[in-house]
Each structure stands twice: as C-alpha cells, then as structure tokens.
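Today I'm hunting for empty space inside a protein. Here is what I pulled up.

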Amino acid sequence: MPDSHPAADPPARPAVADLLDALPQAAAVVGDGPRVLGANRRFRALLRLPDGLDPTGRDGGERLLAHVAALLARPEERARFLADARAHGPVTRTADYHLADGRILRRRRSPAGATAHLLLIEDVTRRYEARDELDQRERRLAELTDERTAFAGRALHELRTPLATVLSFTELLLDPASGPLGPEQTAYLEAILRNARRMTAIAEKLPRAAGEDPADPRRAAPRRDRVLVPELVERVALEALQRTGGAGPYLTVDVPAGGPPLTADGWLLTGALEELVANALRFTPAGGRVEISARAGDGHWTVQVRDTGIGVPLEYQEEVFTPYVRAPNARRGGYPGTGLGLASALEAVRLHGGTLTARDRRDGPGAVFTVRLPLTGTDGGPGRTADDGPGPAPGDGPAPDGGPGP
C-alpha cells in the first residue's frame, strides 16, 4: 500500500483589506445595502473618517454615506451623491464632487462581481486649478491679441495720411519740372522717398503682423532685380551715420569692391539691413562698435551685423524674430522698440530663400546677426536654419559644431 501523505494546506487567501492597501488610490469594495466589504487606509485618510466610524461595521455603510454627504459643498451635490451611491449596474461611472474644504474628489465606481463594486477615489483639486489657470491664460492671450489688433488698426489709420503727404511732396521735389537739384539734395530726397515707402509698407503690414504669421505663404512675392550688395551695404551704413549725426557707437563697414550681383528685391533687402543696423545701434552704448561685413562665396552672399551691445539671451535668439517679442534685457533696460523690426527683417530674408540668425559674440559682449542669401533667390526656403551656414566673418573666430551662427 503506497505511503499516504497528508495534503498540503492551500495558501491563505489575502484579506480584502490587504488587497486594497496594495492599490495606489483610495479604494473600497461595496455591496448592496450599501454594505462596505473593505476599505484601505488611503480611503479612510482621504475622506477623513473619524476614529469611531468603521465603514465595514454594522450600519457602517449608512454612516459613511452621511459623513461624505456632510463634506460636500452644495446641497444639489449631496442629493446627486446619495442617489449615485445607491445606484447599481454593470456600467463604470465617474463623478467629481466639490467638498466644503475646497478639495475636489473624483470617484470611479466599477463592477466587481455580481453584487459588488470597486470604488476608487482620488484628489483632483490640482488638476482643476491647473485647468482654471490655463483657461485664464487663454482668455488673457485672447484679450492681448484683440488689443494688439486694435492698436495695429489705429496705427495704420494714423500713419497713412502723413506718409502719403511725405511721399507726394518728395516725388514732386524729385520731378525735374520742379527745378534743378544738386547731387547731394537728390540723394537726400531719394533717401526720404525710400524710407517713406518702407514706412508705408510696414504700416500696411501692421494689422497682419498683429494677428497672423509673418511666414504666411500668401504674402506678396518680392520683385526680382539686379542688386549690388556692396552698394546696398554702403548706402545703409551712410544713412545710419547721417541719422545718428556721428554720435553713438563707432560704425565700420568691411565689404569688397565687387562681387556677384544678387537677383533680389533691393528695396526689401535694404529695409531688412536697415533694421539690423538700427537694432545694433540702439542696443550698443556710445563708445561701442557696430561692424557691418559682407562676403560672397559658395553661391551666396553673407552679411553680418556685429555689435558690442547688450547681446541676446540664448533662449531668445530665435524668439526675437517673432512679432512683438522683445528679449528681457531689452525690456528691463528701457530700450525703445515694438518687437516688429527683426520680424520684418526675417520675413524679407525668407522671401529670398535666405536665412537670418542671431547669436552672442564669442570675443566679448554683444550680438551677431547673420544674413545668408542665395545669389539667385531660388534655393533655401522659409523653414531653413543656418546650421550649415557660411564660414566666419573676418575676426569672428571658428564656429562651434552645430552652432546657430556662421
């Protein structure tokens, strides 16, 4: 007769409370009645049950309902809670309840057998606060957009008439029928006419810049012509000196006498370079330096505007090209500006298939703005960056791998 061995005892089944304690949420199992079959410690702590209230004891379920109902902030929520607590069915239900102490609890009830349900409760107060904060920010952004659009419309209305007057009288003075002019007078009037036209174009763009992306593909295409970069750079520098009257930073130009012409809109590129030079002069103290350089090579012209001013913080070296965005050091320093100049310059460069980047100088304080333009205006595109940009300008030193500048 084979040896007989007593059967091994089956492993003990864990108690319901032990299983619930393993859950990360406040949890309880309830049956009909309502009758609480088990609840974990998180459940008791989250609902702040008094020491004398045992939800699993006799009439503990009813006492639990009364306790939770007393915690709720609004009478209508108490009625909804009590009705939901006694409802049964195979469907998972989720509900949020606002407590009188300011907390918001989310209850999720799921079937757990034929007559039992699993309750999971979590505190979602921070989620509501974060959502409210986000809603407030969205409303504020919408208000700012409306204010910006209204300002742009008013500015366009106020600028249109005086600019039209300046244009009309300048054109009349340049007309040979108005009498002879000397070369210097003609040059001054042509500068007035060119800048008045540029101001008119900027004013016309204000409403679009207030509410639209300046890289919108529906923008007007540039008018292509033959542009001599050395002449353009020297003209911009000369007019900048005339505007400053010789005061302020020391301005230098380093550009070769010749070089291949660009097929580009000279008026747009003049405006873009004027913005970059004016920006450098504005943020560079008297006694500092603003250096303009240009080089042709590899089918491109590269123009750099370097200064010894306040520089652009690293985290804003892309943001400063967004309309109405100004770096914190510019705002704190009380420097004037609207945040539209660099956005306008970037748009003009992108229209030619080029790139415009900003970075800090490597040899001291200041900023370096680099424009890279294809000779024909056909390669590149609005979304390109300058990571594969040209070599360094004279005296700039080597660019680090993957850097934003040349």
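**Cavity notes**

I started with the walls of the largest cavity: strand E1 (26-31), helix H3 (60-71), helix H4 (75-85), strand E4 (104-111) and strand E5 (117-123) each put in at least two lining residues. Helices (H or I, at least four residues) and strands (E, at least two) are DSSP runs, numbered from the N terminus.

Note to self: this is a predicted model, where local features need pLDDT of at least 70 and side-chain atom pairs count only at pLDDT 80 or more, while totals for chains, interfaces and linings use all residues. Residues are numbered from 1 along each chain as its sequence is written, and side-chain values use heavy atoms, with hydrogens and water left out.

I looked up "cavity": on a 1 Å grid over the protein atoms alone, it is a set of points where a 1.4 Å probe fits but cannot get out, and lining residues have an atom within 4 Å of a point.

Searching the whole structure, I got five cavities of 30 Å³ or more. The largest has a volume of about 340 Å³. It is lined by 24 residues, and Leu65, Phe81, Ala85, Arg107 and Leu119 are the closest to its centre. H3 gives the most to this lining, five residues.

Next I checked the second largest cavity, which holds about 130 Å³. Its lining includes Val227, Leu269 and Leu373. Helix H7 (229-244), helix H8 (266-282) and strand E12 (367-374) are the elements giving two or more residues. H8 has the largest share, with four.

Notes
1 Å grid on protein atoms, 1.4 Å probe; cavity = no way out; pocket = protein on both sides within 12 Å on 5 of 7 lines; lining within 4 Å. Points joined across faces, edges and corners; volume = space filled by probe spheres on them.
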